[in-house]
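Colleague: I'm new to reading protein models. Could you walk me through this one, feature by feature?

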Amino acid sequence: MTGPLGRPSACPCGSTASYDSCCGALHRGARQAGTAVELMRSRYSAFVLGEVDHLFRTWHPRTRPAGLVEDGLDTGRTWTGLDVLDHGEDWVEFDAHYTVGGVPGVQHERSRFERRAGRWVYVEALD
């Protein structure tokens, strides 16, 4: 179900909150992620919705791909669900489900995050 401006009413990250009060607030810059898990969920939602600016702002400059904003995202993948499997203070292990050409797949990752200037940023995949 979608809300105003074609945005989803339910948050794509799988929380029980609305998109607007969950990841939408982070995408708009209305607030910052309080934990690495919250940031990872917002980044998953950014991939679902094509929020490249949020991905750019939350990717450590040392590991951010060159041309992220100019090149955009891989539009051949449709993200279909997120399972957070485990986490620590600065890492999150998850399965991100997707389809490509109707064929389902899973991206399993253990991601590392770091606080930079008081804000959580994604650093790298550990697996």
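**Reading the sheet**

Modeller: Let's start with one pair: in β4, the bridge partner of Glu114 is Val121. A word on the ground rules: this is a predicted model, where local features need pLDDT of at least 70 and side-chain atom pairs count only at pLDDT 80 or more, while totals for chains, interfaces and linings use all residues. Residues are numbered from 1 along each chain as its sequence is written, and side-chain values use heavy atoms, with hydrogens and water left out.

Colleague: What do names such as β4 stand for?

Modeller: Strands (E, at least two residues) and helices (H or I, at least four) are DSSP runs, numbered from the N terminus. Strands of a sheet pair through backbone hydrogen bonds, either parallel or antiparallel. Two strands count as paired if DSSP finds at least two bridges between them. Here β3 and β4 are joined by six bridges in the antiparallel sense.

Colleague: In what order do the four strands sit in the sheet?

Modeller: The order is β1-β2-β3-β4, in an open sheet with antiparallel pairing. At the edges are β1 (77-87) and β4 (119-125), each of which pairs on one side only. From one strand to the next, the twist averages 35°.

Colleague: How many bridges join β2 to β3?

Modeller: There are 10 between β2 (residues 91-100) and β3 (residues 103-116), which run antiparallel. You can find some of the facing residues yourself: Tyr98 is opposite Gly105 in β3, and Phe94 is opposite Glu109 in β3. These two strands make a hairpin with two residues between them, and Gly101 in the turn has a positive phi of about 60°.

Colleague: Which residue takes a positive phi in the hairpin of β3 and β4?

Modeller: First the general idea: most residues other than glycine have a negative phi. In this hairpin, which also has two residues between the strands, Ala117 has a phi near 55°, a positive value in a residue other than glycine. Ala117 sits in the loop between β3 and β4.

Colleague: Is Ala117 buried or exposed?

Modeller: Buried means under 20% relative accessible area, exposed over 50%, and partly exposed in between (1.4 Å probe, protein chains only). Ala117 has 80%, so it is exposed. Try Pro104 in strand β3 too: its relative accessibility is 67%, so Pro104 counts as exposed.

Colleague: What does Pro104 contact, leaving aside its neighbours within four places in sequence?

Modeller: Contact means heavy atoms within 4.5 Å. On that basis, with those neighbours set aside, Pro104 is in contact with Tyr98 and Thr99. Pro104 and Thr80 are 24 residues apart in sequence, yet 9.0 Å apart in space, C-alpha to C-alpha.

Colleague: How does α2 sit relative to the sheet strands?

Modeller: To compare directions, fit lines to C-alpha atoms, for helices over the stretch in contact; angles run from 0 to 180 degrees between N-to-C directions. Helix α2 lies across β1, β2, β3 and β4, and runs at about 170° to β1.

Colleague: And which residues touch the most other members of the largest nonpolar core?

Modeller: In soluble globular proteins, nonpolar side chains tend to be buried together. A nonpolar core here is a set of buried Ala, Val, Leu, Ile, Met, Phe, Trp, Tyr and Cys residues joined through side-chain atoms within 4.5 Å. The largest has 22 residues, and Met40, Leu68, Leu82, Val92, Phe94, Ala96 and Phe113 touch the most other members. At least two residues come from each of α2, α3 (52-57), β1, β2 and β4, with α2 giving the most, six. Not counting residues up to four places away in sequence, Met40 touches Leu82, Val84, Val92, Phe94 and Phe113. Apart from this core lies another, of five residues, among them Cys11, Cys13, Tyr19 and Cys23.

Colleague: How many disulfides does the structure hold?

Modeller: A disulfide is a pair of cysteine sulfur atoms within 2.5 Å, and the structure holds zero. The closest cysteine sulfur to that of Cys13 is in Cys11, 3.7 Å away, so it is too far for a bond. Cys23 is in no disulfide either, with the sulfur of Cys11 nearest at 3.5 Å.

Colleague: Where does Ser45 lie?

Modeller: Ser45 is in helix α2 (residues 36-49), and Ser45 is buried, at 0% relative accessible area. Its side chain reaches the backbone nitrogen of Cys13 at 3.2 Å; a polar contact is a pair of N or O atoms within 3.5 Å, where, within protein, one must be able to donate a hydrogen and the other to accept it, and residues adjacent in sequence count only if both atoms are side-chain atoms.
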